[in-house]
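Hi there,

Here's the structure I promised to pass on. Have a look at it first, then read my notes below.

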Amino acid sequence: MESLQVNLKHKTYQVHIKRGITKELGKHLRAQCSGEKVAIITDKNVYHIYGKQVLQTLNSEGFETHVIAIEPGEKSKTLATLNDVFGELVRAKISRRDLILTLGGGVVGDLGGFAAATFLRGIPYVQVPTSLLAQVDSSIGGKVAVDLPYGKNLIGSFYHPDAVFIDPDVLETLDPREFNNGMAEVIKYSCIKDRQLFEELMSFSKDELTDNIDRIIFKCLTIKKNVVEEDETDRGSRMMLNFGHTLGHAIEKYFNYSKYAHGEAVAIGMYQVTKNSESMGLTEHGTSLMLKELLSKHSLPHQMPESDAAQIVETIALDKKSKGKSIDIVLLSSIGECFIKNICKDEVAKYFL
């Protein structure tokens with residue numbers, strides 16, 4: 001079992017990566033939880049596949065379990081769904097001594113983590129990410145949130161889990177599109193911090209990628225852990241993790257979270273901003289072509305879809321990284337190296353469209 005320790009000023013927690021660890025959750029939780037109840041927040045698709053297994057391992061250790069299964073997809077990451085989750089937690093009589101377990105991808109982790117952060121002013125929770133995107137990115141770092149009609153993650157907090165349990169075996173049940181959705185975040189990490197990983201991803205066959213997925217997850221999480229420890233609340237260097245996300249979030253919202261998955265929108269965002277920054281001489285020549293080749297290898301889009309430019313720009317202006325009349329964006333100087341640039345909001349179209 002590979003383990004990482006996230007060290008914050010106010011808290012330390014472990015990230016465990018082990019094939020088959022989903023079957024052992026009961027004993028791991030019993031070792032650190034004094035409560036008797038576990039509220040499992042999941043989505044209906046994940047629960048259908050892994051619910052019985054997770055309930056068995058928790059019940060075998062004497063936990064009283066309560067399942068809260070939401071509809072899958074970004075459209076569930078709302079205040080209305082959160083309110084329903086709060087109601088279920090009240091009915092289950094969950095206390096501060098008990099535990100929330102988020103079993104699912106990024107939507108479940110974000111919404112379940114925010115429920116944990118705010119219910120009873122905060123109760124412990126653990127993340128059990130079941131998508132590649134959540135395993136390499138959103139399960140650590142403490143960003144929890146729900147969406148508003150105006151944009152993604154506009155209501156949220158920084159609230160870290162007590163532990164993260166990552167089982168690469170569960171990736172075998174992902175359909176190819178969802179796996180590639182997660183690969184967009186892997187590619188992001190290689191672009192901003194690890195040229196060697198980028199080159200490996202370019203050379204790997206499908207089987208080699210599968211054989212090395214444990215190591216890839218570990219490498220991505222190590223990058224994120226180091227960045228989060230340096231800048232927990234996203235006011236400095238942590239912004240580099242948003243590479244591709246500023247435009248990506250705007251694309252997701254524009255198409256009402258239905259046409260593009262998160263990773264697909266981020267892929268477009270990474271390529272578009274890199275193509276433009278390269279044309280301005282801010283990024284090494286040839287970088288956007290290399291990025292396009294790697295995205296295409298994983299069936300990820302790169303071309304900006306037809307859309308209303310004014311609406312896209314307006315959404316970007318509402319981004320959380322906005323600072324009055326300016327906004328911070330992430331650009332590549334070359335593969336494996338990035339920097340944060342503050343631009344005027346009237347320059348948004350030049351960089352993104």
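What follows is a quick tour of a helix pair and some salt bridges.

First, keep in mind that this is a predicted model.

Let's start with the helices. The axes of H6 (residues 176-193) and H11 (residues 262-279) come within 8 Å and cross at roughly 40 degrees. That angle makes the two helices oblique to each other, and their crossing is left-handed. On the H6 side, the touching residues are Arg 177, Asn 181, Ala 184, Glu 185, Ile 187 and Lys 188, while H11 brings His 262, Gly 263, Glu 264 and Met 270. Sorted by type, the residues of this contact are three nonpolar, three polar and four charged.

Now for the salt bridges: the count comes to 21. Try finding Lys 77, which pairs with Glu 74 at 3.6 Å between the closest N and O atoms. Lys 77 also pairs with Asp 147, this time at 3.7 Å. That second pair ties together distant parts of the chain, since Asp 147 sits in strand E7 and Lys 77 in the loop between strand E4 and helix H3, 70 residues apart. Is Lys 77 buried or exposed? Its relative accessibility is 2%, under the 20% cut-off, so Lys 77 counts as buried. Glu 74 is buried too, at 13%, and so is Asp 147. These three belong to a salt-bridge network with Asp 110, Lys 152 and Glu 252.

One more pair to look up: Glu 200 in helix H7 and Arg 215 in helix H9, with their closest N and O atoms 3.3 Å apart. Here Glu 200 is buried at 16%, whereas Arg 215 is partly exposed at 33%.

Cheers

Technical notes:
Residues are numbered from 1 along each chain as its sequence is written. This is a predicted model: local features need pLDDT of at least 70, side-chain atom pairs count only at pLDDT 80 or more; totals for chains, interfaces and linings use all residues. Side-chain values use heavy atoms; hydrogens and water are left out. Axes are lines fitted to C-alpha atoms, for helices over the stretch in contact, and angles run from 0 to 180 degrees between N-to-C directions. Helices (H or I, at least four residues) and strands (E, at least two) are DSSP runs, numbered from the N terminus. Angles under 35 degrees count as roughly parallel, over 145 as roughly antiparallel, 65 to 115 as roughly perpendicular and the rest as oblique. A crossing is left-handed if the near helix is turned anticlockwise from the far one by less than a right angle, and right-handed if clockwise. Contact means heavy atoms within 4.5 Å. Ala, Val, Leu, Ile, Met, Phe, Trp, Tyr, Cys and Pro count as nonpolar, Asp, Glu, Lys and Arg as charged, and the others, Gly among them, as polar. A salt bridge is a side-chain nitrogen of Lys or Arg within 4 Å of a carboxyl oxygen of Asp or Glu. Buried means under 20% relative accessible area, exposed over 50%, partly exposed in between (1.4 Å probe, protein chains only).
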